[in-house]
Amino acid sequence: MALSKAPAVTHVRVDDGSAGQRIDNFLVRVCKGVPKSHIYRILRSGEVRVNSRRVDQTYRLQGGDEVRIPPIRLAEKDPAAAPVPVGKPFDIVFEDDALLVLDKPAGLAVHGGSGVSFGVIEQLRRQRPEAKFLELVHRLDRETSGLLIVAKKRSALTVLHDMMREGRVHKRYLTLVAGRWLNLQQHIKLALHKYLTEDGERRVSVSRDGKPAHSIVRLVRRWQTCSLVEVELKTGRTHQIRVHLSHSGFPLFGDDKYGDFALNKQLEKAGLKRMFLHAAKLAFRHPLTDREIELESPLPAELDEFVASVEQNEEREYG
């Protein structure tokens, strides 16, 4: 990526959308392409000033603050890079002036990075150029469909992040797994450890040295060869549902990281072209009004149709 020298000191006035954000995160966003190490160096050296005063990296900006940014090497836009496509408008399940909840399609990342040029949030910003602030509250795996929260105000984002950490945002997923799930309800408490493969891919494994993770699995339907279950997340670890269920002997249908690879090939021939995991329910109190919000997203057509085909096949095979 080409870099160019900024011509002079830059002064940026903080608007309401950035109020409450830490100065280091603000600079990372404003100075796109500048390494974080350089951001922290200019903060430590005092070259960055807020209202003519030195601040440390933990300072939280206030509306109306004036930030002095010294001349630094900024990333030039690559003229050959393809622009983010506007794309098809997302299905909005809930929206007010503080946040929105959309129904994310499978196959689309929530944000660009790690070999992905764009995701939901970049497309949403293209679709809403007038929006001053749009930020992801949480994430879904690329192949997972369903309910995704986006903040439209910094104040809402901050509160929602606190709610997530404290377990006050209740999330439930639907998934089809291999095997007969016997218990109507079962708690899985297995610590999870993140690591990188030799190819640089992110993976998660069950490990005593990992972070605590808690899932509650409830049986929805059961057949001879597979089960439809609802999983409630009490913690939000990376790949938590996929690893907890696979480790328990019930891999997700279509999971290309932790699933049964031979089975997945058979499932693809049978019509399942994606991982069977859908964020179906959300319940939380509104971060600014404290209103109770409960939202649901039905199974996408391709998953609903696959369940129907499972039902038919089981009836033929086992009566």
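Let me begin with R203, which counts as buried because its relative accessibility is 16%, where buried means under 20% relative accessible area, exposed over 50%, and partly exposed in between, with a 1.4 Å probe and protein chains only. This arginine lies in strand β14, and by strand I mean a DSSP run of E of at least two residues, while a helix is a run of H or I of at least four, both numbered from the N terminus. The side chain of R203 makes a polar contact with the side chain of E201, at 3.3 Å; a polar contact is a pair of N or O atoms within 3.5 Å, where within protein one must be able to donate a hydrogen and the other to accept it, and residues adjacent in sequence count only if both atoms are side-chain atoms. Leaving aside residues up to four places away in sequence, R203 touches H193, K194, Y195, T197, K257 and Y258, a contact being heavy atoms within 4.5 Å.

Before I go on, please keep in mind that this is a predicted model, in which local features need pLDDT of at least 70 and side-chain atom pairs count only at pLDDT 80 or more, while totals for chains, interfaces and linings use all residues. Residues are numbered from 1 along each chain as its sequence is written, and side-chain values use heavy atoms, with hydrogens and water left out.

Now to C226, in strand β16: is this cysteine buried or exposed? With a relative accessibility of 1%, C226 counts as buried. Again not counting residues up to four places away in sequence, it touches L176, V177, A178, G179, F253 and V310. The C-alpha atoms of C226 and W181 are separated by 7.7 Å, although these two residues are 45 residues apart along the chain.

Next, please look at helix α6, residues 261–269, where at the start a side-chain oxygen of D260 reaches to within 3.3 Å of the backbone nitrogen of A262. Just after α6, G271 takes a positive phi of about 115°.

Finally, let us step back to the whole chain, whose secondary structure comes to seven helices and 18 strands. Buried residues make up 42% of its 319 residues, and of the contacts with a separation of 6 or more, 63% are between residues 24 or more positions apart. Taken along the principal axes, the C-alpha atoms fill a box of roughly 75 × 45 × 45 Å.
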